[in-house]
Amino acid sequence: MHRLAAAVPLSLILLACNPGQGGATQGDETDAPLAAITPVDIQPFTISEVTEFEEPWAMTFMPDGEMLVSEKAGKLFITKQTGEKTEVKGVPKVDYGGQGGFGDVILSPDFATDSMVYLSWVEAGKDDTRGAVVGRAKLILGEDGAKAAPELTDLEILWTQFPKVTGRGHFSHRLAFSPDGKHLFISSGERQKFDPSQDMKANLGKIVRLYPDGSVPEDNPFYDQGGIAAQIWSLGHRNLLGLAFDEQGRLWNSEMGPLHGDELNLVKRGANYGYPIVSNGDHYSGEEIPDHDTRPEFAAPAAYWVPTIAPSGLTFYDGEAFPEWKNSFFIGGLAGEAIVRVTIDGESAKEAERYEMGARIREVEQAADGSLWVLQDGEKAKLLKLSPTG
């Protein structure tokens, strides 16, 4: 069952390639079908190639305009906008393989005074199991701010995916602070195990809300249930690779569907988004999943994609360099090999434009000057700067 979503203009859909037997170890990050699209005729930006990384996963801007960029195998770099890179020492040991390894990196809301960064990575467990963890550490830049030998110190683990399970897919482990800096949100994938998304005794397939020190807020929706349930902000998710807040302070997530049915969700307190009971895609095996509209008790996506774009990083644009983009979301497309711009209207969303990039896109971030910075995915992945044309 393949459904065309209103979120995708029909003029952009030329071809959907069936992948045959899906659900391989690598999962939909690598095996999703490619949606061939019509490129935008005139791109409003120029592309500058800045430097290269090996399997980069995340980037975040520091106050001075330099970036922290993580590589999945377990490296972290301070990167200047000119492309010069300095490796950061003290990165935690990661369980690398498949979709697992070093994940997200974001700054503490009080970074200017505490120099703390928040990290996610995959650690090994017993009997060939593994799971994501989130920690924080102090970033030491050297005397007088010199960056010759940056290092992470005083690493502290704040949160762990539970339970650890076999396989190397769907860790998700994206991080985002609320605009007021009071709460840390963590995306936790269902690890290709389906049912944990609905299990309140597991934090797989959930979005988790914590205080910055890792403690659990008493106003979380399921706090009174205690245990793992107390952490949970929303449930019924699959593989959530993007978290971002809009100008109203509302949390959104980009999420991979199974075979098609990728989602952009407005994340609400205590909401259940229905996976694996409902989806606008189907299982890789060909088994059909009922659509969202058959089960109105579950929260439906604000926008969805059939055929897939395999959404990765998500960012909200509020810069001045591209006035026509203001108050839009940008989603990186892995299978789609594109950057997708999405506009929102209340609680609804729709695709506005799709910029074909000719490579899998892992991450998109906005710099202070309003330029858009893009990380490709995989080996010899380029860091790109998108600047206004002219």
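Here a student and a tutor talk through the terms used for this predicted model.

Tutor: This is a predicted model, in which local features need pLDDT of at least 70, side-chain atom pairs count only at pLDDT 80 or more, and totals for chains, interfaces and linings use all residues. Residues are numbered from 1 along each chain as its sequence is written, and side-chain values use heavy atoms, with hydrogens and water left out.

Student: What makes up the chain in terms of helices and strands?

Tutor: The chain has two helices and 26 strands. Helices (H or I, at least four residues) and strands (E, at least two) are DSSP runs, numbered from the N terminus.

Student: Why is Asp282 called buried?

Tutor: Buried means under 20% relative accessible area, exposed over 50%, and partly exposed in between (1.4 Å probe, protein chains only). Asp282 has a relative accessible area of 4%, so Asp282 is buried. Its place is the loop between β18 (262-266) and β19 (303-305). Across the chain, buried residues make up 58% of the 390 residues.

Student: What does the side chain of Asp282 reach?

Tutor: The side chain of Asp282 reaches the backbone nitrogen of Ile289 at 2.9 Å. A polar contact is a pair of N or O atoms within 3.5 Å; within protein, one must be able to donate a hydrogen and the other to accept it, and residues adjacent in sequence count only if both atoms are side-chain atoms. Gln99 gives another example: its side chain reaches the backbone nitrogen of His170 at 2.8 Å. Gln99 sits in the loop between β7 (85-87) and β8, and its relative accessible area of 4% is why Gln99 is called buried.

Student: How do you know whether Asp154 and Gln192 are buried or exposed?

Tutor: Asp154 has a relative accessible area of 60%, so Asp154 is exposed. Gln192 is at 23% relative accessibility and therefore counts as partly exposed. Asp154 lies in strand β11, and Gln192 in the loop between β13 (184-188) and β14 (206-210). Neither is a glycine, yet phi is positive, at about 55° for Asp154 and about 60° for Gln192.

Student: What makes a set of residues a nonpolar core, and which residues have the most contacts inside the largest one?

Tutor: A nonpolar core is a set of buried Ala, Val, Leu, Ile, Met, Phe, Trp, Tyr and Cys residues joined through side-chain atoms within 4.5 Å. The largest has 26 residues, and Leu68, Leu76, Val117, Leu139 and Leu152 have the most contacts inside it. Two or more residues come from each of β4 (56-61), β6 (75-79), β8 (102-107), β9 (116-124) and β10 (130-140). A second, separate core of 15 residues includes Ala244, Leu264, Phe329 and Ile331.

Student: What is Phe77 in contact with, and why is Phe77 called buried?

Tutor: Contact means heavy atoms within 4.5 Å. Leaving aside neighbours within four places in sequence, the contacts of Phe77 include Phe53, Met67, Leu68 and Val88. Phe77 is found in strand β6, and at 10% relative accessibility Phe77 therefore counts as buried. The C-alpha atoms of Phe77 and Glu87, ten residues apart along the chain, are separated by 4.4 Å.

Student: What makes an empty space a cavity or a pocket?

Tutor: On a 1 Å grid over the protein atoms alone, a cavity is a set of points where a 1.4 Å probe fits but cannot get out, while a pocket is an open set with protein on both sides within 12 Å along at least five of seven lines; lining residues have an atom within 4 Å of a point. Grid points are joined across faces, edges and corners, and a volume is the space filled by probe spheres set on the points. A search of the whole structure finds one cavity of 30 Å³ or more. The largest cavity has a volume of about 50 Å³, and its lining of 13 residues has Arg238, Glu255, Glu263, Tyr275 and Ser279 nearest the centre.

Student: Which residues line the largest pocket closest to its centre?

Tutor: The largest pocket holds about 1000 Å³ of space. Of the 35 residues that line the pocket, Thr60, Ile106, Phe177, Thr315 and Glu365 are the closest to its centre.
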